[in-house]
Amino acid sequence: MAEAIRVDQALSMRWAMAQAEKAAAAGEVPVGAVIVQDGRIVSEAHNETIRRHDPTAHAELLALQRALHALAADRLTGATLYVTLEPCAQCAGAIVLAKVGRVVFGAYDDKAGMAGSVGDLLRHPRLNHRPEVIGGVQAEACGQLLTAFFAARR
């Protein structure tokens, strides 16, 4: 992990893409995530659903768990989650429950995205927490990771 490295938005998304590449190398769907607080990466993760035999082991969920543990906290209001793919319903729910301050994602997910594509759980007006959401950051590069991964399997 890189808690000593100070990062900005572009570097944070590149770090998340590096995690996605690790996932692809392991045969996992290439999604990567990092959580940044006070300009420092406090956790990183990539999909591990196959390795763990657990369909819930998404990059976002693992990164949230690791950040909460690393910070000895039960919420991440001052943190930003960078993830290469728009969060699904499971991950969006966890993001809301952890009270993440901001979510920055790369590629939109027209099949399962819950930050505007299929639904918008992250900004639902009836929920008690709504993070700031910034979508489409380095979307082409993030999407290409997924496209290449699935093209190689066809």
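**A mixed sheet and its nonpolar core**

In this predicted model, an open sheet of 5 strands follows the order β2-β1-β3-β4-β5, with mixed pairing. Strands are DSSP runs of E with at least two residues, helices are runs of H or I with at least four, and both are numbered from the N terminus; two strands pair if DSSP finds at least two bridges between them. Because β2 (40-46) and β5 (132-134) each have a single partner strand, they stand at the edges, and one side of each is left without a neighbour in the sheet. On average, neighbouring strands are turned by 15° against each other, direction ignored (axes are lines fitted to C-alpha atoms, for helices over the stretch in contact, and angles run from 0 to 180 degrees between N-to-C directions).

Strands β3 (residues 79-85) and β4 (residues 102-107) run parallel and are joined by 5 bridges. Here Thr80 stands opposite Arg102 in β4. Helix α3 (residues 59-71) packs on the sheet, where it touches β1 (32-37), β2 and β3, and its direction makes about 140° with that of β2; contact means heavy atoms within 4.5 Å.

Turning to the interior, the largest nonpolar core holds 44 residues, of which Ile35, Leu64, Leu76, Val100 and Leu122 touch the most other members. Such a core is a set of buried Ala, Val, Leu, Ile, Met, Phe, Trp, Tyr and Cys residues joined through side-chain atoms within 4.5 Å, buried being under 20% relative accessible area (1.4 Å probe, protein chains only). The most residues come from α3, which gives 7. Leaving aside neighbours within four places in sequence, the contacts of Ile35 include Ile41, Ala63, Leu64, Leu76 and Thr80.

Residues are numbered from 1 along each chain as its sequence is written, and side-chain values use heavy atoms, leaving out hydrogens and water. Local features need pLDDT of at least 70 and side-chain atom pairs count only at pLDDT 80 or more, while totals for chains, interfaces and linings use all residues.

Key:
Buried means under 20% relative accessible area, exposed over 50%, partly exposed in between (1.4 Å probe, protein chains only).
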